[in-house]
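Trainee: I would be grateful for a close look at a single part of this model, namely a sheet and the helices beside it. Please explain the terms as they arise.

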Amino acid sequence: MSKQDSTNLPAFEALKIASNYLRNTINESLSNPLTGSINSDDQLLIKFHGVYQQQNRDLDEERLKQKLEPLYSYLIRIRVPGGVTSPEQWKAIDALSDTYADGELKLTTRQAFQFHAVLKRNLKTTIRKINDTLLDTLAACGDVNRNVMSSANPYESPVHAEVSEHARQISAHLSPQTGAYHEIWLDKELIAGGTPDNEPIYGKTYLPRKFKIAMAIPPRNDTDVLSNDLGFIAIVENGVLKGYNLSVGGGMGYSFGNTATYPRVADVVGYIPAEAVVKAAEAVLVFQRDHGNRNDRKQARLKYTIDKFGLDYFRDEIKRTHGILLEPARPAEFTTQGDEYGWNQGADGYWHFTLFVEGGKLTDAKGIKAKSALREIAEFHTGTFILTGNQNLVIAQISPSDKKKVEEVLQRHGIKDKDSYTPLRLHSIACAALPYCGLSFAEAERYLPLLVDKIEELLAKHGISDEPISIRMTGCPNGCGRPFLGEIALVGRAPGKYNLYLGAGFSGNRLNKLYKEMVDEDGILTTLNSLFEDFAANRNKREHFGDFVIRAGYVSAVTEGKLFHKVQ
Ligand code: SF4
């Protein structure tokens, strides 16, 4: 249990203790028929159950005029370790999104599903039905370990399968043990005699803040592993998984106007053998549990803990508490991020198709009936569906005899080939933002596709349409879409206004830097037009846009998180 349990704790920490392992008054809040909302303490705790209270901000003004409370609804995040789901799970989740959410299936940047606009009266039923599929929402949010990410396709090689299995083992080991989830959502009996729960790893106060883990297999950094609190970078020798380089202290968010907060790319701190992976994950999590800042949530992520205590102390501590002895990190290099789109055949003859899902929104819209296509495929598919860390989807393990059938369904529903999209669009990521996210200052998911249309015209004008450039947009600097690893990033400041960041490394190894503040669409396009003109004329062979803007002096390279705000 945390060393900090007995100290004089701030309000949220005290609430966690008083909540009786995440119960508090959530049940009473859910059964109050007078409001679509739940009480403010329960709003904080319900996140640990994978649920956020939101409101439809598009309707706020109208509801106010009508003297109605805001239209409250709930986001439900479904945890999918490694992103792998069966056709049966797919069909069930798809149906639930139609029945209880807004009909849209959001694929997140952490290989999870997200429902939006679920009404309070439907929350329990929806979560119960999610559990019926053998998926759950526990710890999809909150001050605990979140969904563990893994390289997209476990069927790509035996190493990929092993890494994906490790992701599942870590996820299971670090799951909260509270019975509250089963009591509240599944109407399971209270523990006999009120015997208190026990959280052997977390203790009563859980973690100071959220904790994110990802695995990646070089040379493809398809999970942006260095943006995570803890990363496992596979070390493969002669086709055999030997172990992992450990990376610690990554994190994307910061707060506008607070330069003590900053995004950070993780440090690679050493190597562990493969068999130590679960123990190492626990050791790092426990280090953060006991050393993270519980007095200031804006300083509570592991990235600040690492900067405060230093890497030598960190290494000593995980050795002292868990016997994890880090060997020197082994050579490993990432050369790319993002997903491998289109068709690929494995050594076993089975096929895999990676589908581009713009903004992670699976819908039937604009002539592309992706949701219907996948529903139809799920009826006969004998393999799996895999959510990627870039909001895309792999239809995996398609038997050779089914390939033609899958192709026909995709074509009939208007699913386009990867060659129909520019590399810029294929490397785009947007967070959910408006209308539901209460923290967003500006549009992201609804706007980025339209902006990309216009940026594509600029790329074509300068003859660089084939250039893979990563672009990311978020409605605020919290970092859900990992904006600070985009070669071009737009972070919402106000309606229609964004901060423009440039210069991240293409393989997810370097942060970008603020280039312009509060730019509107005209400003964004004018700025990018002149940057693209220079890039097209003066780039070195195979030089990425993010590297070029640094060499050409537009922004300086951010070599560590603490320098993110440094004026160049
Ligand atoms: Fe909301 Fe900000 Fe996260 Fe986007 S990055 S979903 S606006 S909190």
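Mentor: Helix H11 (residues 311-322) lies across S9 and S10, with heavy atoms within 4.5 Å counted as contact, and runs at about 25 degrees to S10. Such angles, from 0 to 180 degrees, are taken between the N-to-C directions of axes fitted to C-alpha atoms, for helices over the stretch in contact. The model is predicted: local features need pLDDT of at least 70 and side-chain atom pairs 80 or more, while totals for chains, interfaces and linings use all residues. Residues are numbered from 1 along each chain as its sequence is written, and side-chain values use heavy atoms, leaving out hydrogens and water. Helices (H or I, at least four residues) and strands (E, at least two) are DSSP runs, numbered from the N terminus.

A second helix, H9 (residues 277-291), lies across S6, strand S8 (230-237), S9 and S10. The direction of H9 is at about 155 degrees to S8.

The sheet itself is open and has four strands, in the order S6-S8-S9-S10, with mixed pairing; two strands pair if DSSP finds at least two bridges between them. Strand S6 (213-216) and strand S10 (267-273) form the edges, and each has a single partner strand, so one side of each is left without a neighbour in the sheet. From one strand to the next, the twist averages 25 degrees.

The partner of the edge strand S10 deserves attention. Strand S9 (residues 240-248) pairs with S10 in the antiparallel sense, over six bridges. Among the residues involved, Val248 has Asp267 of S10 as its bridge partner.
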